[in-house]
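User: I would like to learn how to read a structural model feature by feature. Please give the general idea each time, then the case at hand.

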Amino acid sequence: MNDADVSKQIQQMVRFIRQEAEEKANEISVSAEEEFNIEKLQLVEAEKKKIRQEYEKKEKQVEVRKKIEYSMQLNASRIKVLQAQDDVVNAMKDAASKELLNVSKDHHGYAKLLKDLIIQSLLRLKEPAVLLRCRKDDVHLVESVLEAAAQEYAEKRDVHAPEIIVDHTVYLPPAPTHYNPHVNSCSGGVVLASRDGKIVCENTLDARLDVVFRKKLPEIRRRLFGQVVA
């Protein structure tokens, strides 16, 4: 084999190697591009998923915030309604309290009421001796019915008439006035206590109004507002 043949054979081998290298390079390039496209697609899909999740998270946060704001507004509205209802109810009670002032103006009717309140208090206490407190302005009327009240109590219980001591050192507060409505006051009635002070029966007109008002409050609310609030 001469030099020309050797050279020709070497050139063929070089072309073959180059061709094979180019084919391999193309395969690698195509494979790399495919892998790149797949990875790029995965990254894009992952980013899309992340964006969707973030959007859904923010959407839920907005929805929760809306619900909270609605709930707060609803509660605020309910509080305003309840406050307005309480104002109406309290105004009714204030009006009733003012009406109590007229009770003691009728001396004959008030004297009978005082006697009934004393008898009721005696029936609750069931004590042989009691201390009675009233307003200073009512002392005369109270003392005028004491004997009759004690006798009627005794007849009801078939016992001896109790000893009723009127307290002339401590009186119940006077009637309320427009000049100073915030001080302690009493619209009338009596407070009886056992001699040792351990048992007390408050039977003032104000206390009776409180009891009746608490008892009738559900009915009052139902009539005024069509509902019962405990």
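User: How many helices and strands does the protein chain have, and in what order do the elements run?

Analyst: Begin with the inventory of elements. The model is predicted, and its protein chain holds four helices and four strands. Read from the N terminus, the order is α-α-β-α-β-β-β-α.

User: What does the radius of gyration say about the protein chain?

Analyst: The idea is to set the value against that of a compact globule with the same number of residues. For 230 residues such a globule would have a radius of gyration near 17 Å, whereas the protein chain has 49 Å. The box along the principal axes can be read next to this: the C-alpha atoms fill roughly 160 × 35 × 30 Å.

User: What share of the residues is buried, and what does the accessible surface consist of?

Analyst: A residue counts as buried when its relative accessible area is under 20%. By that cut-off, 22% of the 230 residues of the protein chain are buried. The accessible surface amounts to about 17400 Å², and carbon and sulfur atoms contribute 54% of that area.

User: How are contacts in the protein chain read by sequence separation?

Analyst: Take the contacts with a separation of 6 or more, then ask what part joins residues 24 or more positions apart. In the protein chain that part is 70%.

User: Where do the positive and negative charges of the protein chain lie on average?

Analyst: One compares the mean positions of the two sets. There are 38 positive and 38 negative charges, and their mean positions are 5 Å apart.

User: How many salt bridges does the whole structure have?

Analyst: The test is a side-chain nitrogen of Lys or Arg within 4 Å of a carboxyl oxygen of Asp or Glu. The search of the whole structure gives 10 salt bridges.

User: Where in the chain do Glu45 and Lys48 sit?

Analyst: For a pair within a helix, check the spacing along the sequence. Glu45 and Lys48 are three residues apart in helix H1, which covers residues 3–100, so about one helical turn separates them. Their side chains form a salt bridge with an N to O distance of 4.0 Å. Glu45 is partly exposed at 39% relative accessible area, and Lys48 is partly exposed at 41%.

User: Which parts of the chain does the pair Lys93 and Asp210 link?

Analyst: Here the check is which element holds each partner. The side chains of Lys93 and Asp210 meet in a salt bridge at 2.7 Å, N to O. This pair links distant parts of the chain, with Lys93 in helix H1 and Asp210 in helix H4 (residues 205–225), 117 residues apart. Lys93 has 24% relative accessibility and is partly exposed; Asp210, at 28%, is also partly exposed.

User: Which residues are linked with Glu219 in a network of salt bridges?

Analyst: A network is read by following its members. Lys216, Glu219 and Arg223 are linked in this way. Within the network, Glu219 and Lys216 have their closest N and O atoms 3.7 Å apart. Both residues lie in helix H4, three residues apart, or about one turn of the helix. Glu219 is partly exposed at 27% relative accessible area, as is Lys216 at 39%.

User: Is Gln85 buried or exposed?

Analyst: Compare the relative accessible area with the cut-off. Gln85 has 8%, under the 20% limit, and therefore counts as buried. Gln85 belongs to helix H1. Its C-alpha atom is separated by 43 Å from that of Arg195, a residue 110 positions away along the chain.

Key. Residues are numbered from 1 along each chain as its sequence is written. This is a predicted model: local features need pLDDT of at least 70, side-chain atom pairs count only at pLDDT 80 or more; totals for chains, interfaces and linings use all residues. Side-chain values use heavy atoms; hydrogens and water are left out. Helices (H or I, at least four residues) and strands (E, at least two) are DSSP runs, numbered from the N terminus. The radius of gyration is taken over C-alpha atoms; the globule rule is 2.2 Å times the number of residues to the power 0.38. Buried means under 20% relative accessible area, exposed over 50%, partly exposed in between (1.4 Å probe, protein chains only). Contact means heavy atoms within 4.5 Å. Accessible areas come from the Shrake-Rupley method with a 1.4 Å probe; for residues, only the protein chains shown count as cover. Lys and Arg count as positive and Asp and Glu as negative; His and the chain ends are not counted. The place of a charge is taken as NZ of Lys, CZ of Arg, CG of Asp or CD of Glu.
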